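Trainee: I have a protein model open and hardly know where to begin. Could you show me how to read it, one feature at a time?

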Amino acid sequence: ITVNGLLPNETRSTCCYCGVGCGVLIQTDGEQVVGVRGDPDHPANFGRLCTKGSTLHLTASPTLQSQARALHPEMRLARGDARERQSWDTTLDYLTHKFAATIRQHGPDSVAFYLSGQLLTEDYYVFNKLAKGLIGTNNVDTNSRLCMSSAVSGYKQTLGADAPPACYEDIDQAQVIFIVGSNTAYAHPIIYRRIEDARKNNPDLKIIVADPRRTDTAREADLFLPILPGTDVALFNGMLHICLWEDLIDPAFIDAHTEGYAELKATVRDYTPKFVAQTCSINESDLVQAARWFGSSPASLSMYCQGLNQSSSGTAKNAALINLHLATHQIGKPGAGPFSLTGQPNAMGGREVGGLATMLSAHRDLDNPTHRAEIAALWGVDEIPAKPGKSAVEMFEAVRAGEIKLLWIVCTNPAQSMPEQTLIREALSKAELVIVQEAYRTTATCDYADVLLPATTWSEKEGTVTNSERRITRVLPAVAKPAEARHDWEIAIDFARRLEVLMGKTKTLFSYTGTESIWNEHRESTRDRDLDITGLSYAILEKQGPQQWPFPQGASVGKARLYEDGIFPTASGKARFVNTVFKPVADRVDARFPFHLTTGRLRDQWHGMSRTGTVAQLFSHASEPGLVMSQIDADRRMLKQGDLVHVTSKHGSQILPLLIGDDMRAGQTFIGMHWGEEYVSGRGHEGEGTHGVNALMSPAFDPSSKQPELKHAAIKVLKAELP
Ligand code: SF4
């Protein structure tokens with residue numbers, strides 16, 4: 001017997017892995033999670049789940065919980081000591097005194113918070129207010145900096161707001177789907193199934209994939225463009241050049257709804273098919289075919305992810321693709337538009353509340369005095385500091401330099417995920433105090449924690465998340481908090497209130513009674529902004545189900561698709577062409593480092609595996625990491641499948657087994673991004689680059705988005721000489 005589609009032991013929630021944001025129904029037996037099924041009523045997945053989502057309940061087993069979970073606060077007073085269990089009162093009192101003294105002595109910018117796209121919107125909101133409103137520092141950044149910040153700056157520079165204009169329904173209505181820098185079949189599997197359905201329902205649908213690697217997504221494409229890593233801007237400018245020549249642009253739309261076209265037109269004149277085919281190392285005829293399909297189709301939808309974002313020219317890549325959409329008027333109509341696929345489950349929610357060092361709530365800009373004043377008024381503080389905070393890489397550099405003394409890391413694992421691990425681990429060792437707020441005590445970053453704060457996680461938390469198509473879903477807890485673990489927002493508020501007392505504040509900024517009151521304040525911050533959700537409430541989300549923003553007061557549904565009226569949220573109301581110029585990758589291949597290395601997700605693992613690594617069946621697809629290389633390159637180096645090879649870049653080294661695959665072209669290699677030091681030390685090669693694949697990557701970052709180039713490094717590969 002079901003009530004509102006739920007069995008008696010089921011609770012509505014979402015999957016905590018990728019940004020598709022699938023709805024799940026969590027099944028419990030008392031306080032134990034015993035099963036999970038896809039929510040048939042959730043518009044992101046209509047009941048479907050991928051291998052990761054359908055095994056979520058296994059990550060909540062009692063054995064794993066007791067082995068891997070952080071369940072009590074722990075502290076150590078001296079480096080090298082073991083952490084000891086403490087009460088929450090002792091721990092938070094110690095932290096508040098430490099923060100107050102450090103801020104008094106060194107100023108507010110001597111402390112920093114590093115957050116996560118796994119947090120719920122309410123968690124994110126409170127930590128931002130704690131740093132920017134109470135402490136007075138903008139040193140709040142997030143692992144979303146490693147994930148989507150180039151998409152943010154690409155949207156803002158061209159369309160005027162960080163708002164993905166398309167939605168999942170557009171997949172069903174597109175005539176051309178252009179997938180770039182995304183192995184959608186692995187990274188966003190439920191979206192990929194929708195693409196497969198669209199192909200079954202529409203035999204005329206054309207799928208173009210541009211990717212350095214012949215991924216499972218690329219294998220199913222009608223046209224595959226195996227571009228060299230980092231050449232995306234040349235590709236998009238080249239496609240625009242062809243569209244211009246073949247009269248596939250829309251001059252009326254350009255005249256009425258855009259600005260800056262003349263400069264871009266002059267630039268793309270140089271991106272001839274011959275030049276672009278050579279630069280990208282693809283066939284000229286394939287390039288022309290891609291441009292013709294894209295430009296002449298009644299509805300072209302592009303879907304993209306880290307191949308564009310994780311790049312030292314990530315903003316230009318995003319902007320160049322959006323330029324192509326604007327010039328051909330493939331935006332603001334069913335089945336068309338640029339559509340960034342969000343990596344993490346709530347990177348969108350973090351962006352909404354301004355969870356980056358240069359942003360403020362509701363897509364406001366820190367460098368805009370009016371925006372700062374609006375948020376100061378909403379929060380009841382004198383001012384928001386104008387000085388930008390440190391972005392992810394800059395933050396760890398400042399910690400290493402002694403400029404930032406106290407670092408509070410929430411729900412993320414920089415000791416594995418950040419580039420240039422030597423720098424990151426040195427920073428973590430040098431910090432005066434590292435606080436790690438985590439559900440799992442097993443991450444590499446926990447080794448550096450002077451203070452470990454146990455947090456709740458999936459199936460225990462309450463709040464909201466927003467998925468890739470701007471859809472907000474209410475998340476409900478299915479089981480109680482384990483042992484002494486607390487919700488992330490609760491920890492932040494308890495700390496903040498204690499700090500307020502030490503700072504002599506007579507009135508608290510954090511008088512919340514629960515997640516709903518936090519969310520209501522966030523909702524108020526969106527009034528009259530592009531993401532206005534003043535017409536929404538927890539009650540509506542629970543009664544009517546997940547809703548897309550904007551959803552202003554008086555609306556009965558959210559907006560599925562943006563810019564259908566041709567009006568963009570810029571000062572002039574017109575979209576802006578950005579004059580994008582191709583720049584090569586930061587780490588160039590040369591005689592010493594002759595191979596391109598790219599990285600990416602594997603089908604059944606998630607990020608640094610702190611959760612998926614606990615489920616045995618998720619290793620049946622790939623049981624260990626490896627360096628994937630073409631047969632041609634392996635033969636040239638007299639290497640064979642399974643040989644251990646020493647992989648070295650300018651930034652780090654690793655020993656890995658060799659995997660020979662037909663997905664790589666000669667000169668190119670690939671490593672799955674998930675494994676960290678556990679794997680390598682397990683093989684007895686400790687000391688040989690034990691920090692995961694990102695240890696090989698360059699810390700170079702995009703000047704506008706500050707997103708590091710985690711997708712590419714130049715490497716050399718030698719057979720490992722083991723004792
Ligand atoms: Fe979870 Fe993403 Fe799989 Fe959906 S597609 S079940 S959100 S991992």
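**Reading a model step by step**

Mentor: Let's start with one residue and its company. Setting aside neighbours within four places in sequence, Pro-212 is in contact with Pro-226, Ile-227, Leu-228, Pro-229, Thr-598 and Gln-668. Keep in mind as you look that this is a predicted model.

Trainee: Where is Pro-212 found?

Mentor: Pro-212 sits in the loop between β9 (206-210) and α9 (216-219).

Trainee: Is Pro-212 buried or exposed?

Mentor: To decide, we count the C-beta atoms around a residue; 20 or more others within 10 Å make it buried. Pro-212 has 29 such neighbours inside 10 Å, so it counts as buried. You can also compare sequence with space: Pro-212 and Tyr-94 are 118 residues apart along the chain, and their C-alpha atoms are 50 Å apart.

Trainee: Let me step back. How many helices and strands does the protein chain have?

Mentor: The protein chain has 26 helices and 28 strands. Its radius of gyration is 25 Å, close to the 27 Å that the globule rule gives for 723 residues, so the chain is as compact as a globular protein of that length. Along the principal axes, the C-alpha atoms fill a box of roughly 70 × 70 × 60 Å.

Trainee: What share of the residues of the protein chain count as buried?

Mentor: Of the 723 residues, 60% count as buried. Contacts tell you about the fold too: among those between residues at least 6 apart in sequence, 73% join residues at least 24 apart.

Trainee: Which residues touch the most other members of the largest nonpolar core?

Mentor: That core holds 219 residues, and Phe-127, Ile-177, Met-239, Leu-407 and Leu-627 touch the most other members. Take Phe-127: beyond four places in sequence, it contacts Phe-113, Leu-115, Val-140, Val-410 and Ala-492.

Trainee: Leu-407 is on that list. Which residue in a strand touches Leu-407?

Mentor: Val-434 does, and it belongs to strand β17 (residues 433-438). Not counting residues up to four places away, Val-434 touches Leu-407, Ile-409, Leu-428, Tyr-448, Ala-449 and Asp-450. Val-434 counts as buried because it has 24 C-beta neighbours inside 10 Å.

Trainee: How should I read a helix?

Mentor: Here is the general idea: an α-helix has 3.6 residues a turn, so residues three or four places apart point the same way. Now check which residues are covered. In helix α5 (residues 149-159), 11 of its 11 residues are buried, including Val-152, Tyr-155 and Leu-159.

Trainee: What do the buried residues of α5 pack against?

Mentor: They pack against α15 (306-309), α16 (314-327), β13 (337-340), α17 (347-352) and β22 (575-576). After α5 comes Gly-160, with a positive phi near 95 degrees.

Trainee: Which residues other than glycine have a positive phi?

Mentor: Two examples are Glu-420, with phi near 45 degrees, and Ala-483, with phi also near 45 degrees. Glu-420 lies in the loop between α20 (414-417) and α21 (421-430), while Ala-483 is in the loop between β20 (471-475) and α22 (488-502). Glu-420 is buried, with 23 other C-beta atoms within 10 Å, whereas Ala-483 is exposed, with 11.

Trainee: And where is there a cis peptide bond?

Mentor: A cis peptide bond joins Trp-549 and Pro-550, with omega about 5 degrees. Pro-550 is in the loop between β21 (547-548) and β22.

Trainee: Which domains does the assignment give?

Mentor: The assignment gives domain 1 (10-60), domain 2 (74-147 + 346-512), domain 3 (149-341) and domain 4 (595-719). The C-alpha centres of domain 1 and domain 3 lie 32 Å apart, and their contact takes eight residues from each of the two. An unreviewed UniProt entry places "domain: 4Fe-4S Mo/W bis-MGD-type" at residues 8-64. Over residues 8-64 the chain is 12% helix and 33% strand.

Trainee: Finally, where does pLDDT stay under 50?

Mentor: pLDDT stays under 50 over residues 678-689. Where pLDDT is low, the predicted coordinates should not be read in detail. The protein chain averages a pLDDT of 94, and 97% of the residues score at least 70.

How values were computed
Residues are numbered from 1 along each chain as its sequence is written. This is a predicted model: local features need pLDDT of at least 70, side-chain atom pairs count only at pLDDT 80 or more; totals for chains, interfaces and linings use all residues. Helices (H or I, at least four residues) and strands (E, at least two) are DSSP runs, numbered from the N terminus. The radius of gyration is taken over C-alpha atoms; the globule rule is 2.2 Å times the number of residues to the power 0.38. A residue is buried if 20 or more other C-beta atoms lie within 10 Å of its own, exposed if 12 or fewer, and partly exposed in between; C-beta atoms are placed from the backbone. Two residues are in contact if their C-beta atoms, placed from the backbone, lie within 7 Å. A nonpolar core is a set of buried Ala, Val, Leu, Ile, Met, Phe, Trp, Tyr and Cys residues joined through C-beta atoms within 7 Å. pLDDT is the predictor's confidence in each residue, from 0 to 100. UniProt positions are given in the numbering used here, feature names are shortened, and annotations may be inferred rather than shown by experiment. Domain bounds come from an automatic or database domain assignment.
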